[in-house]
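Student: I'm new to this one and would like some help reading it. Could we start with the aromatic rings?

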Amino acid sequence: MASDINHQDGPDFSRRDESPAEDEPIHSPGSPRQTEYERIGGRTGSSFFQTLIHLLKGNIGTGLLGLPLAVKNAGLVVGPLSLLAMGIVAVHCMNLLVKCAHHLSAKMGKPFLSYGDAVEYGMENVSWLSRHSLWGRRVVNMFLNITQLGFCCVYFVFLSDNVKQVVETANGTTMNCHNNETAVIVPSYDSRLYMLFFLPFMIVLVFIRNLKYLAPLSFVANISMCISLILIYYHCLTLTVHEMDCLREEIVLMPGRSGAQFSVAPTRWQHFKEEVCWMLYQAVKLLYSFGIYITYALQFYVSAEILIPPAVACCGPRWALMVDLSIRVALVGLTCALAILIPELDLVISLVGSVSSSALALIFPPLLQIITFHNEDMKLWVMVKDIGISLIGFVGFVAGTYISIQEIVARNSSRHNGTHLHLQ
């Protein structure tokens with residue numbers, strides 16, 4: 001995540017052309033090694049607990065709901081093992097990125113290095129890459145903006161679809177929990193209208209420019225998403241147990257011409273549905289949607305920290321706040337517009353994520369460690385390990401891109417064939 005240094009936290013030294021004041025402490029390369037990642041010359045930003053809350057909230061989003069399908073496609077053995085392995089690799093890459101940024105910030109005498117800054121200064125360690133180091137930062141910032149704003153677009157779709165489902169179900173389901181009778185679901189407004197409804201609430205949320213003030217909301221969002229996940233697991237477990245009980249009770253012995261045959265009474269599902277209140281399902285959707293609503297601000301924060309400071313630096317202090325808020329409104333409006341206008345948004349974001357997310361999470365961090373420490377007695381096995389991780393990320397990039405393009409073509413073809421048949 002980008003830095004949360006701003007005019008509220010202390011002096012802003014995030015740009016390359018600025019450095020701490022002379023009376024502020026500088027950690028030179030020869031000084032004692034820092035034991036924790038601290039901002040040189042600046043006041044403390046978010047506390048450890050606040051950072052931990054944001055870290056959990058920023059990493060637990062809508063993708064969590066897609067893990068069961070991924071495990072199903074991979075298999076009950078390969079799926080969980082692959083998930084564990086990729087989780088370890090991803091966390092390791094995060095650690096590599098932090099270590100490299102920490103090392104380079106102390107070496108260059110900078111208070112803080114963003115992802116793009118770390119790549120830029122790392123490329124300056126290699127003679128034949130130093131001429132293009134600025135492009136390294138630009139590429140990383142571009143991928144970050146595409147990824148984070150893409151997440152924000154998906155959150156608009158997620159919120160609108162889930163709230164729309166809750167409204168339609170509430171209008172078409174009786175309020176009696178002991179006898180759930182679902183009537184004909186009354187169609188609600190188009191999901192794009194729900195996106196427009198959420199737009200002002202998103203704008204108000206991103207006006208919180210300091211992560212310290214966003215921490216309480218992140219904490220509540222974490223609690224709500226944990227409750228929703230507990231309810232989901234509870235439902236899955238009770239459904240499985242109840243199904244087994246129904247199978248034992250309702251398997252009847254029916255005689256046939258070729259002997260005894262077993263058949264299952266078809267009413268067991270209906271019996272189970274009548275015992276569970278529909279409000280439980282809708283509560284899960286609303287709790288998770290609230291968590292995603294707060295997550296929007298955290299994902300948005302990264303792009304805001306990349307795009308807003310250069311624009312604010314071009315104007316005077318009098319207009320700084322107005323420019324800051326205007327860019328935030330424009331970016332939120334852009335994500336809402338993309339969510340409304342792009343028909344295959346889920347597949348487009350999947351394609352973009354295959355490219356940018358693979359590069360940011362798996363390809364760049366190991367390569368950054370190589371170019372940062374290659375002239376500091378870097379061990380051979382560490383270099384081999386980093387190259388291996390980058391190759392794994394590249395394979396994921398190629399495979400994910402191929403599958404995403406294939407799904408986009410297949411969906412467009414099916415839609416075209418359906419329209420052609422309808423016209424006939």
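Tutor: Sure, and the rule comes first: rings of Phe, Tyr and Trp (its six-membered ring) pair if their centres lie within 6.5 Å, and planes under 30 degrees apart count as stacked, over 60 as edge-to-face and the rest as tilted. Here, Phe156, Tyr296 and Phe300 form one aromatic cluster. Keep in mind that this is a predicted model, where local features need pLDDT of at least 70 and side-chain atom pairs count only at pLDDT 80 or more, while totals for chains, interfaces and linings use all residues. Residues are numbered from 1 along each chain as its sequence is written, and side-chain values use heavy atoms, with hydrogens and water left out.

Student: How many aromatic pairs does that rule give?

Tutor: The count is 7 aromatic pairs. One of them is Phe143 with Phe364: the ring centres are 6.1 Å apart and the planes are at 10 degrees, so this pair is stacked. It joins distant parts of the chain, as Phe143 is in helix H6 (residues 133-172) and Phe364 is in helix H12 (residues 345-373), 221 residues apart. Helices here are DSSP runs of H or I with at least four residues, strands are runs of E with at least two, and both are numbered from the N terminus.

Student: Is Phe143 buried or exposed?

Tutor: The words have cut-offs: buried means under 20% relative accessible area, exposed over 50%, and partly exposed in between (1.4 Å probe, protein chains only). Phe143 has a relative accessible area of 15%, so Phe143 is buried.

Student: And what about the rings of Phe158 and Tyr288?

Tutor: In general, a pair of aromatic rings is described by the distance of the centres and the angle of the planes. For Phe158 and Tyr288, the centres are 6.0 Å apart and the planes are at 55 degrees, so the pair is tilted. This pair also links distant parts of the chain, with Phe158 in helix H6 and Tyr288 in helix H10 (residues 278-313), 130 residues apart. Phe158 counts as buried at 15% relative accessibility, and Tyr288 is buried at 3%.

Student: What does Gln299 touch?

Tutor: Contact means heavy atoms within 4.5 Å. Leaving out residues up to four places away in sequence, Gln299 touches Gly58, Gln148, Phe151, Cys152 and Tyr155. Gln299 is found in helix H10, and at 8% relative accessibility Gln299 counts as buried.

Student: Which side chain makes a polar contact with the side chain of Gln299?

Tutor: A polar contact is a pair of N or O atoms within 3.5 Å; within protein, one must be able to donate a hydrogen and the other to accept it, and residues adjacent in sequence count only if both atoms are side-chain atoms. The partner is the side chain of Gln148, at 2.4 Å.

Student: How many residues of helix H4 are buried?

Tutor: Helix H4 (residues 115-123) is mostly covered, with 9 of its 9 residues buried. Among them are Tyr115, Asp117 and Glu120. Across the chain, 39% of the 424 residues count as buried.

Student: Last one: where does pLDDT stay under 50?

Tutor: pLDDT is the predictor's confidence in each residue, from 0 to 100. The chain has a mean of 77, and 74% of its residues reach 70 or more. Residues 1-43 stay under 50, and the model has 93 contacts for them beyond four places in sequence. Residues 250-268 are below 50 too, with 22 contacts beyond near neighbours in sequence.
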